[in-house]
Structure formats: C-alpha cells, structure tokens
Amino acid sequence: MAVEGFSVEVDNDPDRGGAAAVSGDGKGGGQAVTVTVAGDVDLAAADTLWSVLDEYVHTGAQVVVDCSRVAFLDSMGLRTLIRAQHKAGASGAHLTLAAPSEAVLRVLQLAGVADLFVLDISGSGSGR
C-alpha cells in the first residue's frame, strides 16, 4: 500500500533482494537489517511501518531503524515505534533508532519516551 509523503525501505533482506549496505539478514548472528523511513510518519503511514517492523523484529534480530529522513512524526508514528520497541524487548531482539531527525528527537523528548529506545545519534547503528 502506497502512502503519499512516506516511504520505508529494507536493506539486506535477501528474500527481497535488499541492498548490501549492512551485511547480514537480521535473523541473528550479530548482523542487522536496516529499515530506512522517510517522510511523514503519521496515521496514514503507521500501519505500513508496523507491518515492516513486525516482520523483522523477532527473537535474536538486530534491526536498525534509520530515522534521518523522517520529516514529521505524530502520535500514531510514535505509538508504532514504541510498539516495535516493546516487541523487541519481549522477544530478545535489538532495535536501534539511528540518526533520528530533529522531528523524531523532539517528539521522543516531548513525550518523555526517549529513554525507551537505543538511540544512535551518529547513525552508525551502534547505539548509545
């Protein structure tokens, strides 16, 4: 489903012919899948983002969510990120928000939930 003003891409998913920016398949072994999110993460985009994160956040997975190109994040987008973080915690996965844009950082701070996430301000995927 296409959502105007929003896109999500997955790197290093061999089943989908993903790019090789980060080696591995995100299914364990210390390798990560990168989910790049761009545009407005709002009510219209939340379900699409969740369907991608739900697929990759599972036991032993390492998922890096590149938030550098997020222009807007509303409460439903925030809810989706929190839901993914809770799933990661419950399943033993590792979820990192990489290079969060000012829009993302502002919402995380205003909502008082920044501490729920591993944030990699540099965007390297290593976390804080």
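This passage walks through the strands, the helices and a few single residues of a predicted model.

Some ground rules come first. Because the model is predicted, local features need pLDDT of at least 70 and side-chain atom pairs count only at pLDDT 80 or more, while totals for chains, interfaces and linings use all residues. Residues are numbered from 1 along each chain as its sequence is written, and side-chain values use heavy atoms, with hydrogens and water left out. Helices (H or I, at least four residues) and strands (E, at least two) are DSSP runs, numbered from the N terminus.

The sheet makes a handy starting point. It is an open sheet of 5 strands, in the order E1-E2-E3-E4-E5, and the pairing is mixed; two strands pair if DSSP finds at least two bridges between them. Strand E1 (6-11) and E5 sit at the edges with a single partner strand each, so one side of each has no neighbour in the sheet. From one strand to the next, the twist averages 25°. For angles, axes are lines fitted to C-alpha atoms, for helices over the stretch in contact, and the values run from 0 to 180 degrees between N-to-C directions. E1 and strand E2 (residues 32-41) run antiparallel and are joined by 6 bridges, and serine 7 stands opposite alanine 38 in E2.

Two helices pack on this sheet. H1 touches E1, E2 and E3, and its direction makes about 10° with that of E1. H3 touches E3, E4 and E5, and its direction makes about 95° with that of E3. Contact here means heavy atoms within 4.5 Å.

H3 deserves a closer look. In this helix (residues 102-111), Val104, Leu105, Val107 and Leu108 are buried. They cover an arc of only 165° around the axis, which puts them on the same side of H3; the arc is that of the directions from the helix axis to the C-beta atoms. As a rule, an α-helix has 3.6 residues a turn, so residues three or four places apart point the same way. On the other side of H3, Glu102, Arg106, Gln109 and Leu110 are exposed. (Buried means under 20% relative accessible area, exposed over 50% and partly exposed in between, with a 1.4 Å probe and protein chains only.) The buried residues of H3 pack against strand E3 (62-73), helix H2 (75-91), strand E4 (94-98) and strand E5 (118-120). After H3 comes glycine 112, with a positive phi near 70°.

A search of the whole structure turns up 1 salt bridge, meaning a side-chain nitrogen of Lys or Arg within 4 Å of a carboxyl oxygen of Asp or Glu. Lysine 87 and aspartate 54 form a salt bridge, with their closest N and O atoms 2.4 Å apart. This pair links distant parts of the chain, 33 residues apart: lysine 87 is in helix H2 and aspartate 54 in helix H1 (residues 43-56). Lysine 87 is partly exposed, at 27% relative accessible area, and aspartate 54 is partly exposed too, at 32%.

Two other residues round off the picture. Aspartate 120 lies in strand E5 and counts as buried because its relative accessibility is 2%. Its side chain and that of serine 122 are joined by a polar contact of 2.7 Å; such a contact is a pair of N or O atoms within 3.5 Å, where, within protein, one must be able to donate a hydrogen and the other to accept it, and residues adjacent in sequence count only if both atoms are side-chain atoms. Serine 91, in helix H2, counts as buried at 19% relative accessibility.
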